[in-house]
Amino acid sequence: MNEKRTTASPPADAQTFVGSDETRGILRGLSRGFSFVLASKTATVGLVIVLFWVVVAIFAPFLTLYTPYEQDWMSPNAGPSSEHILGTDELGRDLWSRLIYGARVVLVILPITENFWIPGGTALWGVLIALLIGTTLGLVSGYYGAWIDELVMRLLDAMMAVPIILLYLLIMASLGASAINVVIAMTIVGTPGIARLVRSLTLDIKTREYVKSAQTRGESPLYIMFIEILPNARGPIIVDSMLRVGYAIFAMGTLGFLGLGMPPPSPDWGSMVAKGREFILMGSPWASLWPSIAIASLVVGLNLLADGLREESMRYQ
Amino acid sequence: MIHTHENSDQPVIEVIDLGIAYETRSGDVEAVRGVSFSVKPGQTLGLVGESGCGKSTIAFGIVNFLGANGKITGGSIRFQGNELISRSDAELKRLRGNRIAMVYQDPMQALNPSVRIGDQLSEVLTCHTDMTGKEAWERSIAMLERVYMPDPADIMNRYTHQLSGGQQQRVVIAMAMLNNPALLIMDEPTTALDVTVEAAVLDLIEELKDEFQTANIFITHNLGVVARVSDFLCVMYAGEMVETGTAEDIFKRPRHPYTMGLLASVPRLGESKTDSILQPIRGRVPPPAARPRDACVFAPRCDYATDECREDRPSLIPMGTDHRARCIYAREIESRQRTRRRTEDKNLVQDVGERQLDQEELLRIDNLKVYYRQESNSVVSILGLGEKSYVRAVDDVSVRLSMGHTLGIVGESGCGKSTLVKGLIGLEPVTDGSLEFMGIDIQHTVSQRESQLIKEMQMVFQNPDSTLNPSYAVGRQIARPIRRFKTVPRKQVRNEVIRLLKAVRLGEAYYDRLPRQLSGGEKQRVGIARALASRPDLIICDEPVSALDVSVQAAVINLLLEIQQTFGSSMIFIAHDLSVVRFFSDDIAVMYLGQVVEIGPAESIYDPPYHPYTEALLSAVPIPDPEAEQKVLRLSGTIPSALNPPAGCRFHTRCPRRSEMLPHGGKICEEQIPPWQSGGRGHRILCHIPIEKLSTIDPVVHNSA
Amino acid sequence: MGKFILRRFLLLLLTMVLVSMAVFLITESSPGNVARNVLGSFVTPEQEQSFLVQMGLDKPAYQRYVYWLVGSDWHASSKTGFPLRRITSEEGFEEWWALRDDGSLVRWKLSGDDLISVVKQPDGTTSEHVDNDAWSRDDSGVSRFWGIDTRNHAVLWEKGSDLKVWTFIMGTGWMKTSGGPTEYLPLKKGFIRGDPGVSLRTGRPVSKSLFPRLRNSLVLAGIAFTIVMPLALVLGLLAGVKEGSFKDRFLSIGGMTFSVIPEFATGIFLILIMSVWLGLVPGATVFGEKAPWQRLDMLILPVLTLTLIELGYILRITRASMVEVMRAPYIRTAFLKGLPYWRIIVRHAVRNALMAPITVIMLHVNWLMGGIVIVEVVFGYPGLGKYLLDSALFKDINALQAGAMILVLLAVGTQFVADIVYTFLNPRIRYT
C-alpha cells in the first residue's frame with residue numbers, strides 16, 4: 001500500500017496528567033511502554049517470567065530457611081524433599097537457596113569484594129557499561145563519518161572478529177575470575193554490537209530534517225548527537241539491550257560453567273551446573289538440572305519480552 | 001474460464017458500488033465504499049484524490065490483492081462481463097499479468113534487484129502462454145524497443161540498479177504490455193519521476209493505449225497529470241467517490257465542493273501571487289476510523305455544509321449524461337473551479353515593481369562552486385593515492401537577492417539546487433567563489449559563523465514527517481532557537497512561542513503536543529514557526545509544500561506569503577513544481593547540472609525568449625486543464641553525471657533546439673562555454689543561440705482562457 | 001568486484017594484525033602473573049626474576065611480539081654469527097643448534113670461566129671441547145660471548161660474572177646453578193612460520209598437540225554445520241513465507257527457545273533424557289586411541305546439542321530476511337504478474353532472502369566456536385576448545401596464544417569467504 005496511514009491520535013484525556021513537563025513525559029512513556037507490553041501475548045509471557053526471577057532474587061533471604069553455604073552432611077546429592085524442596089548438592093547445600101541467591105548475583109547485586117556489593121546485577125552492569133561506551137562510539141562514528149568512522153569501525157570489526165569465547169578465555173586467563181572481571185568481559189563483548197547498532201541508527205537519523213535544522217542553527221555536535229539524535233534511537237536500543245541482558249545472563253552461565261565465573265563458593269548458576277554435571281551419570285541430576293532450567297527460563301523470558309516489544313513497535317509504526 | 005469480449009462498446013471493467021474494509025484489532029475499518037465506474041477499451045479513467053482517500057485500495061481490490069487483513073465487503077467488479085469477486089485465486093492468477101496488468105509508483109522497488117531484467121520480462125510470457133523461453137526473450141526485446149528503450153538487447157541482461165528511474169518505469173510498462181492486457185491499472189506511475197521524464201512516460205502511456213486499445217485506470221494525486229491523460233474522472237475523498245464525469249466536465253464545471261476546493265488550491269502555470277489567490281480547503285482528511293458513516297464525509301471541511309449534510313449520506317446526483325456528484329447541493333452551488341482573481345484585496349500582495357522596495361542587496365553569490373569528493377572504494381584510494389574525482393554539484397553559480405524579494409530556484413533532481421542552499425547556509429564547505437550576506441563574507445561553514453549571522457538565515461524543510469524531532473513537544477522545539485539566540489528574555493520565551501504558533505495559525509493548544517499528533521500541514525506550520533523564531537532576514541524554503549496534499553499546499557503557501565508580508569523577510573524558494581515557483585517568486589533561476597542556465601524576473605522566465613531547457617521544462621509541466629494547449633518538446637537521453645559534466649554547454653547532449661537553430665548542427669555548443677545573453681530587465685540566458693532567435697519561439701502554453 | 005575482494009582481503013590482514021597484538025597484549029599483560037601461575041605461589045622473588053629472564057619476558061613488549069610473530073632465530077643468528085638449525089631429538093623434544101662451516105652442529109655451556117662447546121656430528125654423536133678462544137674481549141677488559149645454550153636460548157655469557165641462576169625443570173623442580181648468562185633470547189621460529197613455541201604445561205611444542213585437537217574440533221563442527229545449514233535455511237524460509245501463520249509462530253518460537261538456552265544447559269538436558277533416562281546413546285565421549293569418526297555414536301549428543309542451538313539462530317535470521325522480502329514491492333509485482341506461487345518463492349524471494357543471512361551466518365562462526373568449546377567441555381570431547389580452556393586455566397600462554405590465533409584465523413577466514421559469496425549473490429556489488 002502506498003497510501004500513508006495516519007495514526008490515530010491518542011484520546012484527548014491523555015493530556016490531563018498533572019505535573020511538570022518532564023514527569024509527565026516519563027509517566028506517559030512508562031504507561032505507554034507498559035500498555036505496549038500487555039498488547040502482545042509474547043511480551044506478557046516474557047515479562048511474567050522475568051518478573052518472577054527479579055522478585056525471587058530481591059526477596060531471596062525471605063524465601064528460604066537456609067543460607068546458600070550451609071552444608072548438610074547427612075544428605076548430599078538428595079532429590080527434592082519437604083526439607084529441601086529442590087534437593088541438595090554434593091556438599092548437602094540447599095539447591096533452592098543456591099538457586100535464588102544465584103539469581104541475586106545475576107539480577108540484583110554486583111559483588112565488588114566479599115563484603116561489599118552495589119545494586120544492579122552483574123549482567124545488568126555488563127550491559128549498562130557496554131551501552132554507555134557503545135552508544136558514544138556509535139554516535140560519534142555515525143555522526144562524524146569520514147576517517148573517524150573508518151577508524152572506529154575497523155577497530156570494532158577487529159574486536160568482532162575475535163571469537164567471543166576466546167575473549168572470555170583470554171580475559172579470564174590474564175585477569176582471573178571475579179564479578180568485576182565478568183563485567184569487564186561482558187563490556188568488551190557487548191560494545192561493538194551496540195556501537196554498530198547505534199551507528200546505523202545515527203546514519204539514518206542524521207539525514208532527517210530536524211537534524212539539519214539544528215545544524216543550521218549552529219548547534220554543537222554534542223547537542224545534536226545526544227539531544228536530537230539519541231532520543232529517537234531509543235526504541236531499537238531498548239529492545240537490543242533487553243536481548244543483550246539475556247545474552248549476558250547466558251554468558252555468565254557459560255563463564256561459570258567453564259570455571260571462569262564467580263569464585264567459589266559463591267552460588268553461581270554456571271558453576272553449579274559444572275559441579276553437578278559430575279553426578280548426573282551417577283543418578284543425581286538435580287544439582288545441574290535446576291540452574292540449567294533457571295538460566296534457560298530467564299533468557300527465554302527476556303527474549304520473548306524483547307521480541308514482543310519489537311513486533312508491537314513495528315505494528316505501531 | 002473467462003471469455004474475452006473484444007467488443008469495443010462493452011466496458012472492459014465495470015465496478016459497481018464497491019466496498020473494501022481492513023480488519024484491525026478494533027474491528028473492521030472501511031477504507032472504500034460506494035465506488036462505481038466503468039472503462040471501455042482505449043479509454044483512460046483517472047482516479048484522483050489526496051493521500052489516504054482509498055485510490056490504491058481500489059486498484060488492489062480489482063485484482064483482489066489486498067493483503068492478509070483486507071477484504072471486499074460489497075459491490076461487484078465485472079471484468080469483460082464476468083464477475084471477479086469471489087473468484088478462486090487460481091482463476092485470478094490467470095488474469096493477473098495476462099489480461100489485467102499493473103504499473104506501480106516506484107519502479108526501483110517494483111523490480112526484483114537480483115533477477116535480470118530479461119528474465120523478469122520473459123517470465124510473464126512463458127508463464128501465461130506456451131511460448132518457449134527463446135521466443136519470449138525475443139518478444140520482450142521487441143516490447144522494450146516499443147517503449148523506446150535504447151539498446152534493448154543489452155538492457156535484457158542488466159539488473160535493476162543499472163537503469164535510471166525513467167528506464168525502470170519503461171521496463172515496468174513493457175512488462176505490463178507484454179501480454180496485450182485488456183485492462184491496465186497504473187498506480188501513481190510518474191510520481192517518483194522528474195518532470196521531463198514524467199512527460200515522456202505519459203506520452204508513451206498515451207501512445208500505447210491508442211495502439212493496444214487497453215482500458216486504463218490511472219491513479220494519481222496530481223491534477224495536472226490526470227488532466228493530461230484521462231477521458232473520465234473519479235474524484236475520491238476519504239474512501240468515497242464524490243464526483244465522476246468526463247475530464248472536461250469536471251475541470252470546467254466541478255459540482256462537488258471538494259473538487260472545486262482541489263482545483264482552487266493549485267496555481268495554474270503562469271499565475272502569480274500578485275494576480276490570484278489560492279484557496280485552501282480547511283482541516284484534513286479524516287483517518288478511516290473517524291469518518292462519519294451516515295453523513296457527508298466532506299461536511300466537516302465544507303464551506304457549504306448545512307445540518308442536512310450531517311444527517312444523511314448523500315447519494316450520487318446526476319448532473320448531465322455522465323456527470324454525477326455526491327452532494328445534495330450539487331445543482332445549486334455555483335461552480336467555482338478557479339483560483340480567485342486578486343481584485344478586491346490587492347493591497348495584500350503587491351507587485352514588486354509597485355512596492356517601492358528598498359532595493360538593497362541582501363545576498364550576493366558570485367561564481368560559487370561546491371564540489372564533493374567522490375568516495376571511491378578502490379584500494380588505491382584507501383591508501384590515499386590516485387586521482388581524486390569530484391562531483392561538481394554547484395559549478396560557477398552567480399545570483400543576487402534583494403531585500404524583501406523572493407528568489408525561486410527550479411530544476412530537476414540532481415541539478416544542484418539543494419547543494420547551493422547548503423553552501424549558502426553553511427552546511428557544505430564552499431570550494432570556490434564568493435558569498436556575501438548583507439555585505440558580510442559568509443564563506444565559512446556554520447560552525448565557524450557568528451551566531452548573529454546564523455540567526456539571520458533559517459530554513460523551512462520539505463518533509464513534514466521529518467522536519468520535527470518526534471521526541472519533543474512542539475513548544476520546546478520552537479523555543480529552542482529563541483533560547484539559543486536570546487531573541488527575547490528568558491521569562492518571555494513561552495509567550496513568544498505562543499505568539500509564533502498563532503502567527504502560523506496554530507493555537508496555544510499545540511504547545512504541548514508531540515509531532516505525531518499533528519497532521520502534515522500542521523507539522524509544516526510548526527516548521528515555519530521554528531524558522532521564524534530567530535527572526536531571520538532570509539528564510540530558505542526547500543520544497544516546503546511538495547510533500548503535502550494539494551488541499552493543504554495552498555494553505556501553507558498562503559501562510560508563507562502572509563509571513564513575508566508581515567515580517568518583510570526575504571526568501572529563497574526551491575521547488576521542482578514550476579507552477580508553484582512561478583506563483584510564489586519575484587525572480588527565478590533555472591538550474592541544470594550544477595549551473596544556472598536562465599535567470600530573471602518570474603514573468604520573463606515563462607515567456608519567450610526561453611533557454612531551451614526552460615522551454616522543455618515548461619512544456620513538460622502537467623497543467624490541470626484538459627483544454628490548455630501545450631507545446632510538446634521532449635528531452636532525449638538521461639542527465640549526465642556531475643562527476644564528468646559535458647564540455648562546452650552542459651545541456652548540449654540533450655538540447656532539442658541547437659541543431660535546428662544553430663549553424664553546423666550546433667557544433668559550437670560542444671566546444672565552447674555559452675555566453676550570458678541579456679533579454680532586458682535583468683533577464684539573462686546562458687545559451688549560444690542568439691536571443692533574437694530565441695524570442696521568435698512560440699510560447700509553450702496557450703491558456704484556454 | 002576484484003577491487004572489492006582485494007579491499008576485503010587487506011582488511012582481513014589488518015584485522016589479523018590488530019587481533020594478534022590484542023591477543024599478545026592481553027595474555028602477556030602481566031608477566032609476573034604468568035610466572036606465578038606456572039611456578040606456583042611459593043616462588044621466591046629471585047626465582048621469579050630468574051624465570052622471567054630465561055623466558056625472555058624481561059624484554060620490551062614490542063620485541064617479544066616480533067619474536068613471537070616472526071621468530072627470534074634470525075636475530076640470534078646475527079648476534080652469534082652462526083646460522084641456526086632446529087632439530088627434533090629422539091625423545092621428541094626440539095633442540096636449537098648453531099651450524100658451523102664444516103656442517104657440524106654446536107652448542108655451548110659455561111663451566112667456571114671455561115666455555116665448553118658441545119659439538120654434534122652429522123652421525124649423531126656429541127663431543128665436548130673447551131672453547132675459550134671464542135671469548136671476545138672489549139675495551140674495558142670484559143670477555144663476552146653470544147652463543148646457544150643447551151636449553152634453546154641464545155645467551156650472552158660474561159666471563160667472571162658468576163651469576164646464580166634458578167632453573168625450573170618440569171617434574172624435577174628448582175635447580176640452582178652458577179655461571180649463568182647475563183642475557184637470554186629464547187629461540188623460536190615464530191607463529192607465522194608455524195612455531196608458536198613450547199607449551200608451559202607439557203614442555204612439548206604447542207603445534208604437536210594443537211593440530212590433532214583442531215582436527216577433532218573440525219570434525220565435530222563440520223558435521224554439525226552440514227546438518228544445521230540446509231535445515232535452518234529451509235525451515236527459516238518456510239517460516240518466513242507466511243508471516244504470522246501457525247507454522248511461522250511454531251518455528252520461530254521454537255527456534256528462539258533453543259537458540260537462547262546455553263549450550264551446557266541443552267547438553268545437560270540431552271544427557272539426562274537421551275542417555276540417563278532413555279539409555280540410547282553414550283553421555284560422554286571417550287575415544288582413547290581412536291579418532292572421533294570411528295565412534296560415531298559418541299558424536300550424536302555433541303552434534304545434536306550444537307545443532308539445536310545453531311539451528312534456532314540461523315532459522316531466525318533467515319526467517320526475518322524472508323519476511324522482509326515477502327513484503328517487498330517486487331514480490332507484489334511477481335504476484336500481480338500472475339506467476340505460479342512456487343516460482344515466486346523460488347525465483348524471486350529465496351535469492352534475495354538468502355543474501356542478508358549469509359553474512360550474518362558467517363559472522364556467527366564466532367558463536368559456533370563458543371558453542372564448540374562448551375560442548376567439548378560438557379562431553380569431554382578432546383578438541384581444540386577443551387585444549388584452549390585447559391591452557392587458559394593453567395595460564396599456558398604459548399598454547400593459548402597459538403590456539404587463539406587459529407580460532408581468529410578461522411573466524412576471519414570464514415568472514416572473507418562470506419564476503420565473496422555475498423558478492424556473487426548480489427548483483428549490485430557484482431556490477432559496479
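This is a short tour of a predicted model, moving from chain A to its contact with chain C and then to chain B. Local features need pLDDT of at least 70, side-chain atom pairs count only at pLDDT 80 or more, and totals for chains, interfaces and linings use all residues. Residues are numbered from 1 along each chain as its sequence is written, with chains lettered from A and ligands numbered from 1 in the order in which they are written.

**Stop 1: chain A**

Select chain A and switch to cartoon. You will find 12 helices and 2 strands. These are DSSP runs, numbered from the N terminus: helices are H or I with at least four residues, strands E with at least two. Along the sequence the pattern reads α-α-α-β-β-α-α-α-α-α-α-α-α-α. Of 317 residues, 54% count as buried (20 or more other C-beta atoms within 10 Å of the residue's own, C-beta atoms being placed from the backbone).

**Stop 2: chain A against chain C**

Add chain C. Here 36 residues of chain A are in contact with 42 residues of chain C (C-beta atoms, placed from the backbone, within 7 Å). On the chain A side, colour α5 (146–161), α6 (164–175), α10 (234–257), α11 (269–280) and α12 (286–316); each gives two or more residues. That side divides into 24 nonpolar, 8 polar and 4 charged residues. Nonpolar covers Ala, Val, Leu, Ile, Met, Phe, Trp, Tyr, Cys and Pro; charged covers Asp, Glu, Lys and Arg; the others, Gly among them, are polar.

**Stop 3: chain B**

Now select 13–230 of chain B as domain 1 and 255–336 as domain 2. The bounds come from an automatic or database domain assignment. Their centres, taken over C-alpha atoms, are 29 Å apart. Domain 1 puts 7 residues into the contact and domain 2 puts in 6. Finish on strand β2 (residues 27–39), which gives the most to the domain 1 side, with 3 residues.

Conventions: Contact = placed C-beta atoms within 7 Å. Buried ≥ 20, exposed ≤ 12 C-beta atoms within 10 Å, placed from the backbone.
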